[in-house]
Amino acid sequence: MTKPSRPDTPPPPDTPVAAVRLVPLGPVDAFSCQLVAANLQALMDLTTDILPPRPVFPDAFMETRRQYDAVKLIKGLAEAVPGPALGLGLTGSDIGTPILTYVLGESQLGGRMAVVSTYRLTGVGHRIKLERLVKISLHEMAHVLGLGHCWQPQCLMRSPRNVGQIDELPLDFCDTCRYEIGRRVRRLLQEVRAALDGL
Ligand SMILES: [Zn+2]
Ligand SMILES: [Zn+2]
């Protein structure tokens with residue numbers, strides 16, 4: 001069945017705009033990237049483009065710790081991904097920060113960038129590993145949208161004390177966080193669309 005056309009209303013935008021650019025940093029399997037992108041879209045309405053893989057930024061390598069500085073990776077991503085779209089780097093390399101020996105993910109609260117590492121997601125089955133990767137990615141992107149941690153027991157924005165606690169969290173947000181995410185994603189999509197129209 002075709003819908004009657006309404007010439008007095010503007011046509012819907014022809015192509016969905018990408019709110020997030022997912023950047024594989026170094027070798028990351030394509031399925032993991034697609035799964036993260038699909039979940040960003042399904043659970044947060046964040047339309048996501050997967051960019052071609054690029055090498056991990058060499059200047060972020062911390063020689064003495066044999067790992068990459070997550071803060072520097074975020075800085076590199078910010079230069080590689082033009083705004084106002086958000087950027088998410090996925091890497092199989094180990095990442096840490098000057099104050100933390102390692103991190104699973106790092107993000108700019110209310111900024112544009114996050115980076116997530118699969119390096120420490122080992123010792124569990126493939127399915128749990130993928131689930132953890134998706135949960136960490138969504139948690140970090142919610143931080144990028146400006147959300148802090150949440151105390152609701154059934155919310156992905158709880159702060160897990162260790163990697164095992166991630167498994168106890170649902171792959172979903174509480175009503176309050178979901179409302180906030182929706183509000184902020186709508187505003188982001190408007191900004192991304194406006195930037196495209198202005199080209
Ligand atoms: Zn967090
Ligand atoms: Zn919440």
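## What packs over helix α2

The buried residues of α2 are covered by elements that include β1 (20-25), β4 (67-69), β5 (86-91), β6 (95-96), β7 (105-107) and β8 (113-117). Here "buried" asks for 20 or more other C-beta atoms within 10 Å of a residue's own, with 12 or fewer making it exposed and anything in between partly exposed; C-beta atoms are placed from the backbone. Helices (H or I, at least four residues) and strands (E, at least two) are DSSP runs numbered from the N terminus.

In α2 itself, which spans residues 70-80, the buried set is A70, L73, I74, G76 and L77. These residues lie on the same side of α2, because they cover an arc of only 160° around the axis (the arc is that of the directions from the helix axis to the C-beta atoms). The general rule behind this is that an α-helix has 3.6 residues a turn, so residues three or four places apart point the same way.

## About the model

This is a predicted model, in which local features need pLDDT of at least 70 and side-chain atom pairs count only at pLDDT 80 or more, while totals for chains, interfaces and linings use all residues. Residues are numbered from 1 along each chain as its sequence is written, and chains are lettered from A and ligands numbered from 1 in the order in which they are written.

## The chain as a whole

The protein chain holds five helices and eight strands, in the order β-α-β-β-β-α-β-β-β-β-α-α-α. Of its 199 residues, 38% count as buried. Its radius of gyration is 18 Å, which agrees with the value near 16 Å for a compact globule of 199 residues; the radius is taken over C-alpha atoms, and the globule rule is 2.2 Å times the number of residues to the power 0.38.

## Strands β5 and β8

Let's turn to two strands that are easy to find in your viewer. Six of the six residues of β5 are buried, so this strand is largely enclosed by the rest of the structure. L86, L88 and L90 point one way, and G87, G89 and T91 the other. Likewise, five of the five residues of β8 are buried, so β8 is largely enclosed too. M113, V115 and S117 sit on one side of β8, with A114 and V116 on the other.

Strands pair if DSSP finds at least two bridges between them. β5 and β8 run parallel, joined by five bridges, with L90 opposite V116 and L88 opposite A114. β1 also runs parallel to β5, through six bridges, and L22 has L88 as its bridge partner. By contrast, β7 and β8 are antiparallel, with three bridges. Their hairpin has five residues between the strands, and there G110 takes a positive phi near 70°.

## The core and helix α3

A nonpolar core is a set of buried Ala, Val, Leu, Ile, Met, Phe, Trp, Tyr and Cys residues joined through C-beta atoms within 7 Å. The largest one has 51 residues, and A19, V20, L73 and M141 touch the most other members. Helix α3 provides the largest share of this core, seven residues.

What does M141 contact, leaving aside neighbours within four places in sequence? Its partners are V20, L40, M44, L46, L86, L88 and A114, a contact meaning C-beta atoms, placed from the backbone, within 7 Å.

The 19 residues of α3 (126-144) should span 27 Å at 1.5 Å a residue, and the end C-alpha atoms are 27 Å apart, which agrees; the expected span is 1.5 Å times one less than the number of residues. Just after α3, G146 has a positive phi of about 105°.

Definitions and conventions: Contact = placed C-beta atoms within 7 Å.
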